[in-house]
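Colleague: I am new to this structure and should be grateful for a guided account of its fold. May I put some questions to you once it is shown?

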Amino acid sequence: MSALEAALVKEAVKRSGMLWIWLPGLPQPRAAWHVAHEDSVYVLTGGGGEQPLPGLPEAETVRVTVRSKDKGGRLVTWVAAVSVVEPTGEEWDTIVALLAKERLNAVTHEGQTERWADESYVVRLTPTGEVTEVPGRQPDDYATVRPVPSPATTASANPFMVGGKRRRADR
């Protein structure tokens, strides 16, 4: 990895709140929120309602795609070494505090870190030095990726808005 590519990866990871992880055995990447700390990225996965990233804790390496903060398109893809942070010690305490601060839509924040230690994995993604895509060096055959199937749906029609304009059907 050149110094320019290393700087691009570091800056992209720091600015983006979301990244896509290419997990082993899956046909498309999974979106994941993360925190950047020092030269690694940390994600939370597992039980207790946390983001499902099947196979990540067991993987040796994965590809990570980071989007552009201003345009939203893919910016850089790099290979990461995967390691699990054990729920003991100073690194766990530091990273879990950062993750807890960023976990905005948790069901409850009470006992959250203890639940993570019991039911989830904190995974460290460290760049290996291999960058597979940068601006100007992206494959032409990349197509839009469909979202992963989910049971989540809109519960009902859009809510009534006071003062909103009524839309007429095109004729």
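Colleague: What share of the 171 residues in the protein chain is buried?

Modeller: This is a predicted model, in which local features need pLDDT of at least 70 and side-chain atom pairs count only at pLDDT 80 or more, while totals for chains, interfaces and linings use all residues. Residues are numbered from 1 along each chain as its sequence is written, and side-chain values use heavy atoms, with hydrogens and water left out. Buried means under 20% relative accessible area, with a 1.4 Å probe and protein chains only. Of the 171 residues in the protein chain, the buried share is 32%.

Colleague: Which pattern do the helices and strands follow along the sequence?

Modeller: Helices (H or I, at least four residues) and strands (E, at least two) are DSSP runs, numbered from the N terminus. The protein chain has three helices and seven strands. Read along the sequence, their pattern is α-β-β-β-β-β-β-α-α-β.

Colleague: In what order do the seven strands lie in the open sheet?

Modeller: Two strands pair if DSSP finds at least two bridges between them. The pairing in this open sheet is antiparallel, and the edge strands, each pairing on one side only, are β2 (30-33) and β3 (35-37). The order is β2-β1-β5-β6-β7-β4-β3.

Colleague: Which residue of β2 is the bridge partner of leucine 19?

Modeller: Strand β1 (residues 18-22) pairs with β2 in the antiparallel sense over four bridges. In β2, the bridge partner of leucine 19 is alanine 32.

Colleague: At roughly what angle do the axes of helix α2 and helix α3 cross?

Modeller: Axes are lines fitted to C-alpha atoms, for helices over the stretch in contact, and angles run from 0 to 180 degrees between N-to-C directions. The axes of α2 (residues 89-102) and α3 (residues 112-119) come within 10 Å. Their crossing angle is roughly 120°.

Colleague: Which residues of α2 and α3 make this contact?

Modeller: Contact means heavy atoms within 4.5 Å. The residues involved divide into six nonpolar, two polar and no charged, where Ala, Val, Leu, Ile, Met, Phe, Trp, Tyr, Cys and Pro count as nonpolar, Asp, Glu, Lys and Arg as charged, and the others, Gly among them, as polar. From α2 come Trp92, Val96, Leu99 and Ala100, and from α3 come Gln112, Thr113, Trp116 and Ala117.

Colleague: At about what angle does α3 run to β7?

Modeller: Helix α3 lies across β4 and β7. Its angle to β7 is about 75°.

How values were computed: Buried < 20%, exposed > 50% of the residue type's maximum accessible area, 1.4 Å probe, protein only.
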